[in-house]
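Biologist: I'd like to learn how the words used for a structure are earned. Shall we look at one together?

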Amino acid sequence: MSAPQGRPPRPPAGPPTWPVGLGLAATVGGSIGFAVAYIRDAGNAWLGGCLALALLGLGLALAFWGRDLAGDEVISGPYPVPPDDASGQTALANQLEDHASALTRRGFLFKALIGAVVVFALSQVVLLGSLGPWPGRSLFSTGWKKGRRLVTVEGEPVTREALATGGFLVAFPEGGEDDANSQVVLLHFVNGDFTPQPGRESWSPEDFVAYSRICTHAGCPVAQYEDVAQVLVCPCHQSTFDVLHGAAPVSGPAGRPLPQLPLAIDADGYLIAQSDFTVSVGPGFWDAT
Amino acid sequence: MNSDHELKKGLGRQFGVGRSPIGRLARWLDTNLGGSGLLRAELRHIFPDNWAFFLGEIALFCFIILVATGVFLALFFSASQAPVIYQGSYQPLAGVEVSDAYNSVLQLSLDVRAGLLIRQVHHWAALVFVAAVFIHLLRMFLTAAYRRPRRINWLVGLLLLLLTAFNGLMGYSLPDDLLSGIGLRISYALTESIPLLGPTMASLLFGGEFPTSGIIARIYPVHIFLLPAAIAGLLGLHLGLLWLQRHTQFPGQGRSDRTMVGSPMVPAYALRSGGYFLLCAGVLTGFGAFLQINPVWLYGPYRPWDATTAAQPDWYMGWLEGAVRMFPGWDIQIGGLLIPAVFWPAVVLPGLIFTPLFVVPWADWLATRDDAFHNVLALPGQHPARTALAAGFVTFLSVLLVAGGNDVFAVAWGVSQPLLLRVLQVLVIVLPPLVALLTFVLVRGRARRWASSVR
């Protein structure tokens, strides 16, 4: 018989508490650091780093604590009883139908009520008209007119001397230097490189050619000019247009060529438009020309 | 004296019992609010445990963080496109005419103390939010959690995915920088492509022909009020249904469709969830501190004649961007009417993707003839068809996502962009069925081996 003498055995050690303590220490340190970083204007990394430390510390402390508790206690219980029981469902349906019959038994009046509510709801659709102007014909025209000069984004008129062969620039109609939908890319081809499309022989005086700069795919400015391949590339979706052949799409998702602006050169050597574009510019829509 | 006695009794009722402040508070609440019985039962609300169950919680945490950081940002943001001269501390833009909105974002990022941190945490939280919702839904699908009685809640979850992604798009459109302006330009074009209604819809939504001067002011209330309110409402419904129906559980000892096993809400589960919320906030704050996101001052203000290469939307719009880039330029002319090619990837494809997702619970029922009540989840490793469908779907989205950055990947991988485009156009059709088939065969083999080993 050897009952242990002295102290009773120690209870089994619980889960370690040091992660919780460490987390709480990090919270205090991070919080103080955050306030100091803010006051000293120490920059985003210090400010955010300290705040992150404080949050992570407290989070770790709670998560560890919660994990240890969860190990202690696993319970089970019933799910809500599934309403599989058909008689219960029938009873509920009957009860609701009883309540509803106060309305539905007056058949005509009930239908009139529904009708009135629908008419009311539909009438509110007119408010959509306040949202904006109807598109009208605005998608079919731009700022270009017969005789209007080409100017740079700074408003500088473009002369035949302004652009050497092989060069290109972005041009707007004079007076519309911020007119997004009128922007064109003006190219000056080396003599003999460019062959006009049939019917457009008079649109490219002295091998100056202007194309709409709005992509016919999704409307981004066709901003990249690759002069070796002689293509314009849209930086958004990489639609590629062959500038030597009427800016027809050769790669990427665009389906239609960039519209060409009929150009002329006036007596003073300024580049001018012969007219507006002959088709609608930009992305397609159902009645686009 | 009698009234004095009554008063003492009342005070006793309010504060008398309970040894600790918490006990006294509970007593006070019950006296003034009632419902102690209900609350006592709900404190023992059982939560089954699994790491996968925290995906939805991460989404909830992100929403809370988004609201908190968003309120801070709203104090400084100006939803106006009126021109102002930039006079802040970012020297490369000194003296440049920019919009008021862009100016205010630069101010709050660079000249309001802690502003950059809050803005970057907001942006990161949005990216993680949509990711968490998506992966959470994927988990739901893989484990068939959408079966009876959770069919309606699957729909609520899908709506939440749509709303969160759309609100993200609205959010990154607000700063009026070059990238966001280009994004809006594309959105206008995609709206325009809808047959018959497109131009009118685009004009009404944007307030005229693009570029319009009031679009930021329109997006702002949608981003900070309308959609967050809708998300909060649906989240309430989502969690309310979860609470009433209880959480699903993975199969295990003592677990059945009628009996659940897990830890009680108080104290263990609540403590741990609180901890996870703080961890989530901490990680996002760490991102905001050390990982730059959307540096709009580098992009510059939006001007309709400027563009930039390597322009990508946030990741959750990347699949749509990829589809728009990849779909060939098949403009269709029918009797003088045009159906622009972008209509198919931008409007029809999202419909084709989301409509099947909305009918998943009923399609599953038709396919399996299983209309029973389920509280125990299915295991992806034992259901080859479902797992294969998910794998194919994720593959499809992944190819689209890669295509959304095909210009960047072409440079990184040293291949020509048109060639990469062609390869991706083939892969998007070939790869998803291939991956689905492979998954099906692998999972079925594994499931059979498992079944025979159990026997």
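Modeller: Let's start with helices and strands, which are DSSP runs numbered from the N terminus (H or I of at least four residues for a helix, E of at least two for a strand). This is a predicted model, in which local features need pLDDT of at least 70 and side-chain atom pairs pLDDT 80 or more, while totals for chains, interfaces and linings use all residues. Residues are numbered from 1 along each chain as its sequence is written, and chains are lettered from A and ligands numbered from 1 in the order in which they are written.

Biologist: Where is B:Pro211, then?

Modeller: B:Pro211 lies in the loop between helix 9 (198-206) and helix 10 of chain B. The peptide bond leading to B:Pro211 from B:Phe210 is cis, with omega near -5°. Another cis bond joins B:Arg148 and B:Pro149, with omega about 0°. B:Pro149 sits in the loop between helix 6 (115-142) and helix 7 (151-173) of chain B.

Biologist: Why are helix 4 and helix 10 of chain B called roughly antiparallel?

Modeller: Helix 4 (residues 54-74) and helix 10 (residues 215-245) of chain B pack at about 155°, with axes 12 Å apart. Angles under 35 degrees count as roughly parallel, over 145 as roughly antiparallel, 65 to 115 as roughly perpendicular and the rest as oblique. Helix 4 and helix 10 of chain B are therefore roughly antiparallel. Among the residues making this contact (C-beta atoms, placed from the backbone, within 7 Å) are B:Phe63 of helix 4 and B:Ile231 of helix 10 of chain B.

Biologist: What makes B:Asp176 buried?

Modeller: A residue is buried if 20 or more other C-beta atoms lie within 10 Å of its own, exposed if 12 or fewer, and partly exposed in between. B:Asp176 has 25, so B:Asp176 is buried. B:Asp176 is in the loop between helix 7 and helix 8 (178-192) of chain B, and its phi near 60° is positive although B:Asp176 is not a glycine.

Biologist: And how do you know whether B:Arg246 is buried, exposed or partly exposed?

Modeller: B:Arg246 has 18 other C-beta atoms within 10 Å, so B:Arg246 is partly exposed. B:Arg246 also has a positive phi, about 70°, without being a glycine.

Biologist: How do you know that strand 1 of chain A pairs with strand 4 of chain B?

Modeller: Pairing needs at least two DSSP bridges between the strands. Here 4 bridges join strand 1 of chain A to strand 4 (residues 259-264) of chain B, and the strands run antiparallel. One of the bridge partners is B:Gly262, opposite A:Ile75.

Terms used
Axes are lines fitted to C-alpha atoms, for helices over the stretch in contact, and angles run from 0 to 180 degrees between N-to-C directions. Two residues are in contact if their C-beta atoms, placed from the backbone, lie within 7 Å.
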